[in-house]
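Let's take a walk through this fold together. Have the sequence and the coordinates at hand, and follow along element by element.

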Amino acid sequence: MNRNPKILAVAGKGGVGKTSLSAAFVRLLTETHPDARILAIDADPAVGLSTALGVEVRQTLDDIRKQIVSSVEDGEPREAIELLSEARYRIFDTMVEQQKFSFLAIGRPETAGCYCKVNAYLKEIINLLAGDFDYVVIDGEAGIEQINRRVMEKVTHLVLVTDPSRKGTQVIQTIKRVADDLVMYDRCGAVVNRVTDPAMIPYIHIEGIDVLAYIGSDAKHAANDIRGLSVFDLPDDAPVIAGAREALTKLQIL
């Protein structure tokens with residue numbers, strides 16, 4: 001069944017809170033659309049979204065990819081469509097099914113360096129599975145690589161996350177410029193996270209990108225993270241939840 005899903009890709013430089021915001025999006029979607037099919041994809045090799053959502057991951061997309069490749073008889077690669085057909089069944093078997101959403105993690109390749117193979121595989125997985133869900137939230141890797149390689153070339157909403165730093169705003173402006181050429185998105189906006197002082201907001205300039213929300217620093221959220229608690233343990237008025245709600249409302253998803 002093709003559900004014409006809304007696909008939210010969250011991107012930005014490392015350390016700005018992309019994962020927390022992605023998790024907050026998932027929580028709000030489960031609360032406001034309880035009958036919807038929701039898929040959370042951890043596309044960041046740092047593998048943090050599972051913790052933020054309270055999910056225990058046993059297998060990743062890269063584990064599945066390696067199993068399929070290693071199972072090819074006589075070492076001869078089969079056609080990509082045949083591998084993907086086999087992958088579909090294995091992915092559904094290994095997908096973590098929570099009460100309110102499903103979860104997939106890209107995983108971390110064993111060898112250091114380029115993530116080209118897992119990124120290429122992730123692109124096919126997104127195309128393969130998206131039609132089975134109403135909402136897909138993708139927590140992207142830090143930086144511009146997945147955008148540049150068209151891993152997320154068909155998303156409906158691109159959410160760019162930054163902190164108040166100049167470097168953070170420059171990164172999301174670069175991502176936006178590249179995405180304008182390589183990604184077919186419907187809506188794009190920025191979220192400025194970890195704002196320690198509201199007085200700095202007038203000085204935050206992000207050229208060509210509408211700001212969806214400003215989110216203040218939250219000591220309780222940081223404490224929850226250290227304790228291994230999930231986003232579902234946060235109060236409704238927690239800054240990241242309130243900011244995520246504001247962003248989704250402006251994107252006309254809530």
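What follows goes from the overall make-up to the sheet, then the cores, and ends with a few local details.

First, a word of care: this is a predicted model. The protein has nine helices and eight strands. Of its 254 residues, 51% are buried. If you take the contacts between residues at least 6 apart in sequence, 76% of them join residues at least 24 apart. On the outside, the protein exposes about 12300 Å², with carbon and sulfur atoms supplying 48% of that area.

Now for the sheet. The eight strands make an open sheet with mixed pairing, and the order to trace on screen is β3-β4-β2-β5-β1-β6-β7-β8. At the edges sit β3 and β8 (211-216), each of which pairs on one side only. As background, strands of a sheet pair through backbone hydrogen bonds, either parallel or antiparallel.

Start at the β3 end. β3 and β4 form a hairpin with four residues between them, and their pairing is antiparallel, over two bridges. Here V96 has F103 in β4 as its bridge partner. Step across to β2 and the sense is parallel: four bridges join β2 to β4. On that side, A40 stands opposite F103. As for how β4 points its side chains, S102 and L104 go one way and F103 and A105 go the other, and all of them are buried.

Move along to β6, which is worth a longer stop. Which strands does β6 pair with, and in what sense? One is β1, in the parallel sense over five bridges; another is β7, also parallel, over six bridges. On the β1 side, L8 is bridged to H157, and V10 stands opposite V159. On the β7 side, L158 has C188 as its bridge partner. Six of the six residues in β6 are buried. Both of its faces are covered, with H157, V159 and V161 on one side and L158, L160 and T162 on the other.

That leads to the cores. In general, nonpolar side chains of soluble globular proteins tend to be buried together. The largest nonpolar core here has 39 residues, and those with the most contacts inside it are I41, I91, L104, V136, L158 and L160. Strands and helices both contribute: β1 (6-12), β2 (38-42), β5 (135-139), β6 (157-162) and β7 (187-195), along with α3 (61-70), α5 (116-129) and α7 (166-182), each supply at least two residues of this core. The largest share, six residues, comes from α7.

To see the packing from one side chain's point of view, pick L160. Leaving aside residues up to four places away in sequence, L160 touches A11, I172, I175, K176, C188, G189, A190, V191 and I209. There is also a second, separate core, with 38 residues, including A52, V55, V240 and A244.

Next, the rings. The structure holds one aromatic pair. The ring centres of F101 and F232 are 6.0 Å apart and the planes lie at 10°, so the pair counts as stacked. Where do these two rings come from? F101 lies in the loop between β3 (96-97) and β4 (102-105), and F232 in the loop between α8 (219-227) and α9 (239-250), so the pair ties together parts that are 131 residues apart in sequence. Their surroundings can be told apart too: F101 is buried, with a relative accessible area of 5%, while F232 counts as partly exposed at 30% relative accessibility. Another ring to look at is that of F133, where R37 lies over the face at 4.4 Å from the ring centre.

Finally, check the backbone. Most residues other than glycine have a negative phi. R194 has a positive phi of about 60° although it is not a glycine. You'll find R194 in strand β7, and it is partly exposed, with a relative accessible area of 40%. Q252, likewise not a glycine, has a positive phi near 60°. Q252 is in the segment after α9, and at 63% relative accessibility it counts as exposed.

Key: Residues are numbered from 1 along each chain as its sequence is written. This is a predicted model: local features need pLDDT of at least 70, side-chain atom pairs count only at pLDDT 80 or more; totals for chains, interfaces and linings use all residues. Side-chain values use heavy atoms; hydrogens and water are left out. Buried means under 20% relative accessible area, exposed over 50%, partly exposed in between (1.4 Å probe, protein chains only). Contact means heavy atoms within 4.5 Å. Accessible areas come from the Shrake-Rupley method with a 1.4 Å probe; for residues, only the protein chains shown count as cover. A nonpolar core is a set of buried Ala, Val, Leu, Ile, Met, Phe, Trp, Tyr and Cys residues joined through side-chain atoms within 4.5 Å. Rings of Phe, Tyr and Trp (its six-membered ring) pair if their centres lie within 6.5 Å; planes under 30 degrees apart count as stacked, over 60 as edge-to-face and the rest as tilted. A charge sits over a ring if NZ of Lys or CZ of Arg is within 6 Å of the ring centre and within 35 degrees of the ring normal. Two strands pair if DSSP finds at least two bridges between them.
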